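Please walk through this structure, starting from one loop residue and working outward to the whole chain.

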Amino acid sequence: MNSDVQIAGDPLAIPHLLPPVPAHPATVAGFVGLANTIAADRDAWAPLVRYDATTRWYHRLRVVPQALGSARPGEAPLGYEVWLLSWVPGQGSGRHDHGRSSGVLTVLEGELTERTTAGHHTLRAGAQRVFAPGYVHEVVNDSLTPAVSLHIYFPGLTDMPMHSARCAAPADR
């Protein structure tokens with residue numbers, strides 16, 4: 001007796017039967033995967049990094065307009081931006097949120113401290129934080145060596161409200 005594959009052929013060998021691979025991420029997991037892919041390509045991002053003791057340095061690596069950001073029919077398109085930031089010792093972001101954007105922060109080199117109302121978190125190279133709109137934090141380089149981080153915002157970052165008070169120190173410090 002013949003099998004279905006013997007009769008019809010291998011359906012995976014027929015490209016039109018496969019779901020299309022999205023050109024851009026449309027889920028949080030997809031954006032984390034994009035961050036990991038970019039982080040792994042050190043030869044692409046490392047030559048771009050600059051360190052500036054007078055102001056925080058940043059470079060937009062990629063921008064995808066909202067019309068291209070969603071891979072699902074009927075969904076509002078996401079759009080996204082990818083930023084590369086450097087942090088010399090002592091530099092910080094100030095306490096802020098990211099408006100209507102969600103995001104993925106990935107430490108590429110060095111060590112950063114994330115301060116939230118829940119406490120302080122040390123983020124070493126390879127560490128990631130995923131956050132939703134309205135997430136308030138402060139990122140600081142408390143170490144003695146420079147750091148580099150990658151930030152993906154979806155939808156693209158249009159607002160970064162600053163919050164006046166510093167995030168409280170945890171009780172155990």
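## From a loop residue to the whole chain

Apart from neighbours within four places in sequence, Ala-127 is in contact with Leu-105, Thr-106 and Val-107. The model in which these contacts appear is a predicted one. Ala-127 belongs to the loop between strand 5 and strand 6, the latter covering 128-131. Its relative accessibility is 21%, and a residue counts as buried under 20%, so Ala-127 is classed as partly exposed. A further distance places this loop residue relative to Leu-112: the two are 15 residues apart along the chain, and their C-alpha atoms are separated by 9.5 Å.

Thr-106, one of the contacts of Ala-127, also leads to helix 2. Asn-36, which has its place in helix 2 (residues 28-40), is 70 residues from Thr-106 along the chain, with 8.1 Å between the C-alpha atoms. Asn-36 has a relative accessible area of 40% and is therefore partly exposed.

Two other residues of helix 2 can be described in a similar way. Gly-33 is found in helix 2 and is partly exposed, at a relative accessible area of 29%. From Gly-33 to Val-104 the sequence separation is 71 residues, while the C-alpha to C-alpha distance is 10.0 Å. Val-32, also a residue of helix 2, is in contact with Val-104, Gln-128 and Val-130 when its neighbours within four places in sequence are left aside. Val-32 and Arg-129 are 97 residues apart in sequence, and the distance between their C-alpha atoms is 9.3 Å.

The next element to follow is strand 4. Strand 4 (residues 111-116) and strand 5 (residues 119-124) run antiparallel and are joined by 6 bridges. With 2 residues between them, strand 4 and strand 5 form a hairpin. Within this pairing, Glu-111 stands opposite Arg-124 of strand 5. Strand 4 also pairs with strand 7 (residues 138-140), again in the antiparallel sense, over 3 bridges. Here Glu-114 is the residue that stands opposite Val-139 of strand 7.

Why is strand 4 largely enclosed by the rest of the structure? Of its 6 residues, 5 are buried, and this is why the strand counts as largely enclosed.

Strand 8 brings in a peptide bond of note. Most peptide bonds are trans. The bond that joins Phe-154 and Pro-155 is cis, with omega at about -10 degrees. Pro-155 lies in the segment after strand 8.

What lines the largest pocket? The lining consists of 15 residues, and those nearest the centre of the pocket are Arg-56, Leu-85, Tyr-153, Leu-157 and Met-160. Strand 2 (80-87) and strand 8 (147-154) are the elements that give two or more residues to this lining. Strand 2 contributes the most, with 3 residues. Sorted by class, the lining has 9 nonpolar, 5 polar and 1 charged residues. The space in the largest pocket comes to about 210 Å³.

The description can now be widened to the chain. The protein chain has 3 helices and 8 strands. Read from the N terminus, these elements follow the order α-α-α-β-β-β-β-β-β-β-β. Among contacts with a separation of 6 or more, 76% are between residues 24 or more positions apart. The contacts of Val-32 in helix 2 with Val-104, Gln-128 and Val-130 can be set beside that figure.

Burial and surface complete the account. The protein chain has 173 residues, and 38% of them count as buried. Its accessible surface is about 9800 Å², and carbon and sulfur atoms account for 57% of that area.

Definitions and conventions
Residues are numbered from 1 along each chain as its sequence is written. This is a predicted model: local features need pLDDT of at least 70, side-chain atom pairs count only at pLDDT 80 or more; totals for chains, interfaces and linings use all residues. Side-chain values use heavy atoms; hydrogens and water are left out. Helices (H or I, at least four residues) and strands (E, at least two) are DSSP runs, numbered from the N terminus. Buried means under 20% relative accessible area, exposed over 50%, partly exposed in between (1.4 Å probe, protein chains only). Contact means heavy atoms within 4.5 Å. Accessible areas come from the Shrake-Rupley method with a 1.4 Å probe; for residues, only the protein chains shown count as cover. On a 1 Å grid over the protein atoms alone, a cavity is a set of points where a 1.4 Å probe fits but cannot get out, and a pocket is an open set with protein on both sides within 12 Å along at least five of seven lines; lining residues have an atom within 4 Å of a point. Grid points are joined across faces, edges and corners, and a volume is the space filled by probe spheres set on the points. Ala, Val, Leu, Ile, Met, Phe, Trp, Tyr, Cys and Pro count as nonpolar, Asp, Glu, Lys and Arg as charged, and the others, Gly among them, as polar. Two strands pair if DSSP finds at least two bridges between them.
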